[in-house]
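Ready for some practice in reading a protein model? Take a look at what is shown here, then try each exercise before you read its solution.

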Amino acid sequence: MATLTEHLSPEALAQLATVFSIASGGQVRVLSPDGEVLARPDKIEGVGTPGPDQQTVEAKVFVSGEHVGTISLSGQADAVEPVRLAGLMRDIIARLCEQAGQIRLRIEELAAMYRMTAVFTERRDLKEILQLVAETMVNVTDADACSIRVFNEDRTELLRMAAFGLSGEYTIKGPIQLSDSKIDQEVLAGGKVVYIADERTDERVLYKVEAQREGIVSALCAPMSYRGRIEGIIRVYTRRPHEFDWFETSLIRGVASQAATAVVNARLYQEAVQAENIRRHLRLAGDVQKRMIPDRPPQIDGLDVAGIYVPCFELGGDFYDFLELPDGRLGVCVADVVGKGVRASLLMSSTRSALRAHAAHLSDLSEILTAVNVDLCRESELADFVTLFYGVFDAQAGTLTYCSAGHEPALLFRDGQVRELTGGSGIVGIIETMQFRQETLGLQSGDVLMIFSDGLPEAVNFRDEAFGRRRVHAAALDACQKDRSAKSIGKHLLWQMRRFAGLKTRGDDLTLVTIKIRDLGLGNRD
């Protein structure tokens, strides 16, 4: 049996008994439903034990229709005032009990909201989180059911994500297109809650027949808003006429806001997982691509060869390749594919494969590049193209036969001077009928040739100054005059570029091939 002590503490009841006794001039006691004394007044001057000429008036206290206690007031016999006073005291205590119950209920609701917020940070599955929100919403409010819908990607439809207290037939009643739902349009336009007194008759309701069949009467629709953007809408239903008070409305809005945060966090988590998967696949693809770059230079009599490849991202568009040809000849290719990333890496792979395939049975460089150009024009998009330098070193003949297709001019260092190997033709992959012209250069012992992509001269520092060809020439000449190896010359040039650029983020791939002509015993050639 419930008693007043379940609503108010014994100390509070004793204090009330004292105050009432002072106000009435009699003795007020608080009794349990079965007559046990729960509280009596402290000793008060002028108020003592009831005498024979006094009467005792009792007033039963009811809370939510249940008898929880009795107010006993001892006063003058045949007096009307004690009866009125006892009734007044009964009403005051009943109201205090109801207020205490409301406070406890609000505390429990806020505690449930806090626990739910803590769960948001622990769980990652969005549907699981929103299902918990729907259940909590019903448990902490005077509602019978709840449903949660979020917008699709183009924000034209509200998709059901969770429901509690609703039949399966109602939850799959049909789609909710934003253009058809006046209530959701109101929520979205004003960013405020929308109250529906009776879904069975309200003209704004999209599925009135289904609502009547489900027994839904009143509803409150609250926006799930995160930083001004509405991610979805929470609907709270009752199966009786109900007007949500300010606390219920505030609580629903608060939970809806937390739910919106959960939606965004779950989306960000999924995006992070997908991004990490993409990065992992890119790393794997990058490893495959790096295996296409020679891991060591070829050993050719009369030539000292070294290569450097520094991609800007996991997947690069630059590449270099060495092709060991018959009669001790060496084919050297340095290419720069337009763009970066996956698309550039695929075009790089196609270019390398085409070059190797045609160089295997063609000896004329013009014919080789013409065939590569036709392949790329037919297999790639119009915006895809490649700049390329391909040369064949013949150590026995002491010559370099080369063809430059729109690429950075290769550099020849001889006798303390630098010479750009100009000439050539247009880029590869744009015009199928493009003609490519080859050139032949006589080599001398001690010559150094450098073939590189535009990532070297176009490297910039924090003042947005480019490293430039002049600095490339100066750094390479400095290394060549110190009679360094091809590998040492390349590293020196790379170091000078990095010292110039500092920690500035690079925006392009860098490829550099250095070839030093050893003592061939061939004499001088032009």
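The exercises below are about cysteines, nonpolar cores, one arginine and a pocket. Keep in mind that this is a predicted model.

**Exercise 1.** Find out how many disulfides the structure holds, and why Cys146 is not in one.

*Solution.* Start with the cut-off: two cysteine sulfur atoms must be within 2.5 Å to count as a disulfide. Next, look for the cysteine sulfur closest to that of Cys146: it belongs to Cys221 and is 10 Å away, which is too far for a bond. Then turn to Cys333, which is in no disulfide either, as the nearest cysteine sulfur, in Cys403, is 11 Å away. The count for the structure is zero disulfides.

**Exercise 2.** Decide whether Cys146, Cys333 and Arg352 are buried or exposed.

*Solution.* The cut-off to use is 20% relative accessible area, since a residue under that value is buried. Cys146 has 0% relative accessibility, so Cys146 is buried. Cys333 also comes out at 0%, so Cys333 is buried. Arg352 has 17% relative accessibility and therefore counts as buried too.

**Exercise 3.** Place Arg352 in its helix and list what it touches beyond four places in sequence.

*Solution.* First find helix 8, which covers residues 341-359 and contains Arg352. Now set aside residues up to four places away in sequence: Arg352 then touches Met292, Phe319 and Asp321.

**Exercise 4.** Which residues touch the most other members of the largest nonpolar core?

*Solution.* This core has 50 residues, and Tyr390, Phe393 and Leu449 touch the most other members. Take Leu449 and leave out its neighbours within four places in sequence: its contacts include Phe393, Leu400, Leu411, Val513 and Ile517. Finally, look for another core apart from this one: it has 28 residues, including Leu130, Leu220, Val236 and Val263.

**Exercise 5.** Describe the largest pocket: its space, its lining and the element that gives the most to that lining.

*Solution.* Begin with the space, which is about 370 Å³. Then go to the lining, made up of 16 residues, with Leu126, Phe151, Glu153, Val263 and Arg267 nearest the centre. Sorted by class, the lining has seven nonpolar, three polar and six charged residues. Now ask where they come from: strand 5 (145-151), strand 6 (157-164), strand 10 (229-238) and helix 7 (246-290) each supply at least two. Helix 7 gives the most, with six residues.

How values were computed
Residues are numbered from 1 along each chain as its sequence is written. This is a predicted model: local features need pLDDT of at least 70, side-chain atom pairs count only at pLDDT 80 or more; totals for chains, interfaces and linings use all residues. Side-chain values use heavy atoms; hydrogens and water are left out. Buried means under 20% relative accessible area, exposed over 50%, partly exposed in between (1.4 Å probe, protein chains only). A nonpolar core is a set of buried Ala, Val, Leu, Ile, Met, Phe, Trp, Tyr and Cys residues joined through side-chain atoms within 4.5 Å. Contact means heavy atoms within 4.5 Å. Helices (H or I, at least four residues) and strands (E, at least two) are DSSP runs, numbered from the N terminus. On a 1 Å grid over the protein atoms alone, a cavity is a set of points where a 1.4 Å probe fits but cannot get out, and a pocket is an open set with protein on both sides within 12 Å along at least five of seven lines; lining residues have an atom within 4 Å of a point. Grid points are joined across faces, edges and corners, and a volume is the space filled by probe spheres set on the points. Ala, Val, Leu, Ile, Met, Phe, Trp, Tyr, Cys and Pro count as nonpolar, Asp, Glu, Lys and Arg as charged, and the others, Gly among them, as polar.
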